[in-house]
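Student: I would like to learn how to read a protein model, going from the overall fold down to single side chains. Could you take me through one, feature by feature?

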Amino acid sequence: MEQRKISAMPPAEVEKQKEYINLARTVLSARFSDRAPKAFVHTYGCQGNVADSERMKGLLQACGYVFCDSAEEADFVLFNTCAVREHAEDRVFGNCGALKPVKEKNPDMIIALCGCMMQQQHVAERIKKSYPFVNLVFGTFAFHRLPELLYKVLTGRKRVFATEETDGAIAEGLPVFRDRDVKAWLPVMYGCDNFCSYCIVPYVRGRERSRKSEAILSEAKELIAGGAKEITLLGQNVNSYGKGLAEDIDFPRLLRKLNALEGDFIIRFMTSHPKDCTKELLDAMAECKKCARHLHLPVQSGNNRILKEMNRRYTREHYISLIEYARSVMPDLSLTTDIITGFPGETYEEFCDTVSLVREINYTSMFTFIYSPRKGTKAATMPDPVPYAEKSKWMRELLAVQEEIAAKRTASMIGQTYRVLVEDETREKDGYLTGRTQGNVNIDFAGDKSLVGTFCDVKVTSAGNWVVHGELVQ
Ligand code: 5AD
Ligand code: SF4
């Protein structure tokens, strides 16, 4: 097999960006002599994008920006985009179009678009042609180059486009601006090699590459010291963690190392692929007391023909056997999943296999999507005769089943006590807090706001479909 490249970026490249931070800072402080320049960063899509935005915000802050909550008041607007479904792309085009009149009022405003959508050349071309007021476009391979690209925009007259694909080397040691202290995102690997036939991710995020465990552990320590109580490890396919690294490591071993760090915190991770979800991983989860009893394991479909067409490389039977094993070593395990309905050529009978699987597994919750054709993927070329309205009907049927299952599950929680991470005050009711069980179920209860960011024992007193209500156990 071909030896993969080690994916750490040469330190000289990282240093170059630090120099650009200083240069951009100088230009901005001359331009904004009486106030700090303001940036508005809006993120579409998954947690991976949220984590990337935190890194880009770190770079912007180092350049001298402070953050604001709307494009109207911003000097720099950045949309970090998502390409996974057409709907997400339409929202970006719509919201970007809405910036035109805002920029007419404030011609000095810089508008930048980045991320997965921009990594597709046909999208970058469309922005070039039809959105002339956009100053900067860069793809997923250029996130760390934001200081350099910003400097070019600030000092040149031309629009800047950086959408070429590189080897995707990972930049370490650049600043991060965290949106929250208590719940933190920690990327462990980037990219995806799986090429599920419907998915654009391998095309816009490139090949899998892992961060060195040393970098991950030192970031985790920083997060814990900064008050993080929940750390979610992120990757398109975390089970592939470690492949191609010089060190001898894999995901179960990484979990054990993180679990051994001192402090009271919980570890989550997403996303796992069932084809790579091994017994070793499930054993490691069971062994690691800090690992949440929650597994997000996207099944996508319960029908073997569709799974094959999706290029998922596992069967319904294999998936079920994995879940059986996981539950045998973690009886209290909560499971969540992703499902696509209306994959090209899927029949109603095949869809019914997904419904029966959902019943069999008894998921805590699931993310459901109607298939969306993505240009350049294999599935986009497959005959797709079922009308969208029919697919929506199937989706409603699936959601009704899940609601029924969720209601039963939450009802079974009544009377039990859970250790809950208190996330926030509830918006609806004064004096109430909202938290999450390890199994990822939302729970509301009366309590003082000083408890936010701590773990509390809460006894469930009543249940709705998705949220349960409880009271503090003193
Ligand atoms: N259409 C619909 N859903 C998709 N997903 C990925 N690609 C598509 C697509 N083309 C879903 C999958 C994946 C989740 C993140 O998004 O369920 O697990
Ligand atoms: Fe897409 Fe499949 Fe990779 Fe997930 S594992 S990002 S669904 S190609």
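Tutor: We will go from the whole chain to its sheets, its cores and its salt bridges, keeping in mind throughout that this is a predicted model.

Student: Let us start with the whole chain: how many helices and strands does the protein chain have?

Tutor: The protein chain has 14 helices and 19 strands. Its radius of gyration is 23 Å, close to the 23 Å that the globule rule gives for 474 residues, so the chain is as compact as a globular protein of that length. Along the principal axes, the C-alpha atoms fill a box of roughly 60 × 60 × 50 Å.

Student: What percentage of the residues is buried, and what share of the contacts comes from residues 24 or more positions apart?

Tutor: Of the 474 residues in the protein chain, 54% are buried. Among contacts with a separation of 6 or more, residues 24 or more positions apart account for 74%.

Student: Now the sheets: what is the order of the strands in the open sheet of six strands?

Tutor: Strands of a sheet pair through backbone hydrogen bonds, and the pairing may be parallel or antiparallel. In this structure, the open sheet of six strands runs in the order S2-S1-S3-S4-S5-S6, and its pairing is parallel. S2 and S6 are the edge strands, each pairing on one side only. At one of these edges, strand S1 (residues 38-43) pairs with S2 in the parallel sense over two bridges, and Ala39 stands opposite Phe67 in S2.

Student: Where is Ala71 placed, and is it buried or exposed?

Tutor: Ala71 belongs to the loop between strand S2 (66-67) and strand S3 (76-81), and with a relative accessible area of 9% it is buried, because that value lies under the 20% cut-off. Leaving out residues up to four places away in sequence, Ala71 touches Phe40, Val77, Leu99, Val102 and Met109. The C-alpha atoms of Ala71 and Lys38 are separated by 9.5 Å, although these residues are 33 residues apart along the chain.

Student: Which residues have the most contacts inside the largest nonpolar core?

Tutor: In soluble globular proteins, nonpolar side chains tend to be buried together. Here the largest nonpolar core has 57 residues, and those with the most contacts inside it are Leu233 and Phe269. Apart from it lies another core, of 32 residues, which includes Met56, Val153, Val160 and Ala169. If you set aside neighbours within four places in sequence, the residues in contact with Leu233 include Leu186, Val238, Phe251, Leu255, Ile267 and Phe269.

Student: What kind of unit do S10, helix H9 and S11 make?

Tutor: Strand S10, helix H9 (residues 251-259) and strand S11 make a right-handed β-α-β unit. S10 (residues 230-234) and S11 pair in the parallel sense over five bridges, with Met270 in S11 as the bridge partner of Leu234. Strand S11 (residues 266-270) is mostly covered, since four of its five residues are buried.

Student: Finally, how many salt bridges does the structure hold, and how should I read a single one?

Tutor: The structure holds 30 salt bridges, and a useful habit is to ask of each pair where its two residues sit and how exposed they are. The side chains of Lys57 and Asp179 meet in a salt bridge of 3.0 Å, N to O. This pair links distant parts of the chain, 122 residues apart, with Lys57 in helix H2 (residues 47-63) and Asp179 in the loop between strand S6 (160-162) and strand S7 (183-187). Lys57 is buried at a relative accessible area of 12%, whereas Asp179, at 40%, is partly exposed.

Student: Where do the residues of the salt bridges Arg374 to Glu89 and Lys393 to Glu390 lie?

Tutor: Arg374 and Glu89 form their salt bridge at 3.2 Å, N to O. Arg374 lies in the loop between strand S14 (365-370) and helix H14 (388-412), and Glu89 lies in helix H3 (residues 86-97), so that this pair also links distant parts of the chain, 285 residues apart. Both Arg374 and Glu89 are buried. In the salt bridge of Lys393 with Glu390, the closest N and O atoms are 3.8 Å apart, and both residues lie in helix H14, three residues apart, about one turn of the helix. Lys393 is partly exposed, with a relative accessible area of 47%, and Glu390 also counts as partly exposed, at 26%.

Student: Which residues are linked in a network of salt bridges?

Tutor: Such a network links Glu54, Arg55, Glu172, Arg178, Arg211 and Glu219.

Terms used: Residues numbered from 1 in each chain as written. Chains lettered and ligands numbered in written order. Predicted model: local features only at pLDDT ≥ 70, side-chain atom pairs only at ≥ 80, totals over all residues. Heavy atoms only, no water. Salt bridge = Lys/Arg side-chain N within 4 Å of Asp/Glu carboxyl O. Buried < 20%, exposed > 50% of the residue type's maximum accessible area, 1.4 Å probe, protein only. Pairing = 2+ DSSP bridges. Right-handed = clockwise from strand over helix to strand, strands pointing away. Core = buried A, V, L, I, M, F, W, Y, C linked by side-chain atoms within 4.5 Å. Contact = heavy atoms within 4.5 Å. Rg over C-alpha atoms; globule rule 2.2 N^0.38 Å.
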